[in-house]
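Got the viewer open? Here is a walk through the model, one selection at a time.

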Amino acid sequence: MIRGEADRQADVVRLLEASREVYARRAELAPDIVASSGLSPQGVLLGFESLERAASAADLRALVAAAGDAPCVHVILSANVFVAPLRALAVARAAASNVTVRPSRRDPWLARALVAAAADPALVLAERADVSAIARGEIHVYGRRETIAAVRSMARPGVRVRGHGPGIGIAVVTRAGNLASCAAELARDVAVFDQRGCLSPRAVAVEGGIDRARALAEALHAAFEALQALVPLGEVAPAERAQAASWRDAMAFAGGVWSSEHHAVGLAARGGLWAIPPPGRNVSVIPLDSLSGLRAELGPFASEVTAIGSDAPAQVGPFAPSHVRLSTLGEMQRPPLDGPVDRRKNE
Amino acid sequence: MTPSLVHSAALHSRARAMIAAFERGDAMPEPFDALAIDLARFQAAQVPGYARLCAARGLRMPELARADEAPAVPADAFKLAPVFAFDAAAAAITFRTSGTTLGARGAHSMRDASTYDAAAVASGRAMLFAGMAAPVAVLVVGPSALEAPDSSLAHMCDLFARAFGPRGASDVHFVRRGSLAVPALRDRIAGLAGSPAVLLSTSFALVHLLEELAGAGLTLPEGSRVMLTGGTKGRSREVSADALRRDVAHTFGVSERAVIGEYGMTELSSQFWEATAVRADARPGVYVEPPWARVVPVDPESLRPVAEGDVGIARIEDLANVDSAWAVQTQDRVRRASGGFELLGRAPGAPARGCSLSLDEMLGQAP
């Protein structure tokens, strides 16, 4: 049976209904997600605000167009933020009339809850996935690069593998941006999922030179202090704490660091977006003379950047890599449901 | 000469006095901490980044009483900011780290490389060339410093060829224009006529040389030695240190104790050596510091020294790094052992949580 666009959109809409049902139960689900994700309880509730529960007609059309067509899709969720299953299932369900999903072993709760709430016979949980036994269709794998490479190596000929790997977000504050409000919005984008998402900003380029960059760093430090009282930082692994200690010292050397027990803001006086901090609540601030220098500043990192948030995304757009998602600051973690979050080539 | 250059020159002299005393077998002319504290104060005054790092730790230099209270400069800082105590135009030589796919290359500039050279030759004489009659044929399975002018390793190997090899020797390097020159190396070894030689190489180059030889021997004269440095992780083929040592010994016809490991970094001026050529009780895998340098395992988070025998990451204090960073914080895991330290590889990355790019992935070191 050939599914038309309307059928595909309807299947996604039913998934969004399930998402709203799951969202309504978020307090009940939160303890398991706190334990598996390491986020604080408040952090989990903040993360739920990024769970897609609606989509415009235009976004649905775009999602269906981006999803393509397959007889069946096998979704493998390996390493992702806890709300990621909704979009992964929406893309898969738009593409195929049969979908199986293997939830992340570490963080299976949302995928299980969505599948249960959807009650869609075409959407089936598979707690184990034998990639080499999949005979047709597509595999959509979300995880680390080595996981994607392993799935590709095991997939049978003719089975299409779409890999969605890790990435980073960055922020750009233009010359006209209000530093205090930009800092507050950026702090929120950082705090959602404690920087563990591929859209999470890890660095901010500040147009207007070193003094403005320093002022933004100070404002961001203050914003993190305020946010900690509302949404405490979650669990940080010892190796990440060690990486953060080393990064803080490197940034203190390179330009300056403003930090507390829960966050750090480092200023790279001479540029160098490569000084990306470990996840948690750590941000590199890089001075930028003008937006036209953004691509040069990104250098080889351009291909790793999945999202750019800015006070003026339309101004930044012409200077950004073509694949990135652009949004206003404070909205980086809530992209429209118009396809995979990561627009880089995935095959 | 500006006051800072006068100060720098005086500190270089004190570092070289230590090196000279070591060469003579004399006691050190001053305590390690005395020079270390003066270097820390000098660098805090002349290197803005170090001043900021000390300030971030709340350290007031006039009150510095012990060297270990002064922070070490993270090795990554060499990629981010100038780490030198002089005007950039005065740099006589700049060594650069090899870099990664995404990372910038670190730069270590020196105004006066003579302290580096003196330290390298003194350590090399004591640990690698010890007991060998001069001159010794030096064979470098690596590029010359002319071909790789920003490689500190190429600089050191050339230095050894000049210091320990025959005067004016020309047939020294066996990586030419980026390729292994195996026939030339074979001819050179055949022409040694029984005189011991020292072959200097990276582990990576030796792995490739062994592959090209495909099991064939390339026997060095009796009494020869082979220097190994660097790992093979992240390369096309990873080989364990023990297996490589065994294969190298077999291929070159030397004992495993004559395969001597060196540990160095672009960011340093001193090197550390296995002592298997000079001490009967020395274990392979244990590296020994010269008296002007020390390796302190520290806790990765607090950066405080760990208990004796525990594993930490290496804080390397190098008094020959006069104009850059007297203490460098690495991410290499080490443990004190038998008068030296064991090198245990890079600190492990954090387990993956979520889909953000990890630092290991950024550096091309994903497990």
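A word before you start clicking: this is a predicted model.

**Stop 1: the two halves of chain A.** Color chain A by its domain assignment, with domain 1 at 5–164 and domain 2 at 168–328. Their C-alpha centres sit 29 Å apart. Where they meet, nine residues of domain 1 of chain A contact twelve of domain 2 of chain A. The domain 1 side of that meeting has three nonpolar residues, six polar ones and no charged ones.

**Stop 2: the five-stranded sheet.** Still in chain A, pick out the open sheet with strand order 3-2-1-4-5, whose pairing is parallel. Its edges are strand 3 (123–125) and strand 5 (160–164) of chain A, each paired on one side only. Sight along the sheet and you should see a twist that averages 20° from one strand to the next. Now zoom to the strand 5 edge: strand 4 (residues 138–142) of chain A pairs with strand 5 of chain A through five bridges, in the parallel sense. For a landmark there, label A:Y142, which stands opposite A:H164.

Next, add the helices that pack on this sheet. Helix 5 (residues 84–95) of chain A touches strand 1 (73–77), strand 2 (99–102), strand 3 and strand 4 of chain A, and its direction makes about 170° with that of strand 1 of chain A. Helix 6 (residues 109–118) of chain A touches strand 1, strand 2 and strand 3 of chain A, with its direction at about 140° to that of strand 3 of chain A.

**Stop 3: the seven-stranded sheet.** Move along to the other open sheet of chain A, ordered 8-9-10-7-6-11-12 with mixed pairing. Here the edge strands are strand 8 and strand 12 (325–328) of chain A, each pairing on one side only. The twist from one strand to the next averages 20°.

Select 255–259 of chain A, which is strand 8, and look for the five bridges that join it, antiparallel, to strand 9 of chain A. The two strands make a hairpin with four residues between them. Two pairs to label: A:S259 has A:A264 as its bridge partner, and A:V257 stands opposite A:G266. On to the next neighbour: strand 9 of chain A joins strand 10 (residues 282–288) of chain A by four bridges, and these two run parallel. In this pairing, A:L267 stands opposite A:V285.

How many of the five residues of strand 9 of chain A are buried? Five of the five (residues 264–268), so this strand is largely enclosed by the rest of the structure. Turn on its side chains: A:A264, A:G266 and A:A268 point one way, A:V265 and A:L267 point the other way, and all are buried.

Two helices of chain A are worth showing against these strands. Helix 9 (residues 210–230) of chain A packs on the sheet, touching strand 6 (168–173), strand 7 (201–207), strand 8, strand 9 and strand 10 of chain A; its direction makes about 160° with that of strand 10 of chain A. Helix 10 of chain A lies across strand 8, strand 9 and strand 10 of chain A, at about 40° to strand 9 of chain A.

**Stop 4: the core.** The largest nonpolar core has 222 residues, and those with the most contacts inside it are A:L89, A:V204, A:L216 and A:L220. Center on A:V204: leaving out residues up to four places away in sequence, it touches A:I170, A:A171, A:V173, A:L186, A:L216, A:V283 and A:V285.

**Stop 5: where the chains meet.** Show both chains. The contact takes 45 residues from chain A and 37 from chain B. On the chain A side, helix 7 (145–154), helix 10 (238–254) and strand 8 each supply at least two residues. Which of the elements of chain A gives the most? That would be helix 10 of chain A, with 13 residues. By class, this side has 26 nonpolar, ten polar and nine charged residues.

**Stop 6: chain B.** Its domain assignment gives domain 1 (3–86) and domain 2 (114–290). The C-alpha centres of these two domains of chain B lie 30 Å apart. Eight residues from domain 1 of chain B and seven from domain 2 of chain B make up their contact. On the domain 1 side, helix 1 (residues 3–24) of chain B gives the most, with six residues.

Finish at helix 8 (residues 203–213) of chain B, where the buried residues include B:F204, B:L206, B:V207 and B:L209. Just after this helix, B:A214 takes a positive phi of about 50°.

Key. Residues numbered from 1 in each chain as written. Chains lettered and ligands numbered in written order. Predicted model: local features only at pLDDT ≥ 70, side-chain atom pairs only at ≥ 80, totals over all residues. Core = buried A, V, L, I, M, F, W, Y, C linked by C-beta atoms within 7 Å. Buried ≥ 20, exposed ≤ 12 C-beta atoms within 10 Å, placed from the backbone. Pairing = 2+ DSSP bridges. Domains from an automatic or database assignment. Nonpolar A, V, L, I, M, F, W, Y, C, P; charged D, E, K, R; others polar. Axes fitted to C-alpha atoms, helices over the stretch in contact; angles between N-to-C directions.
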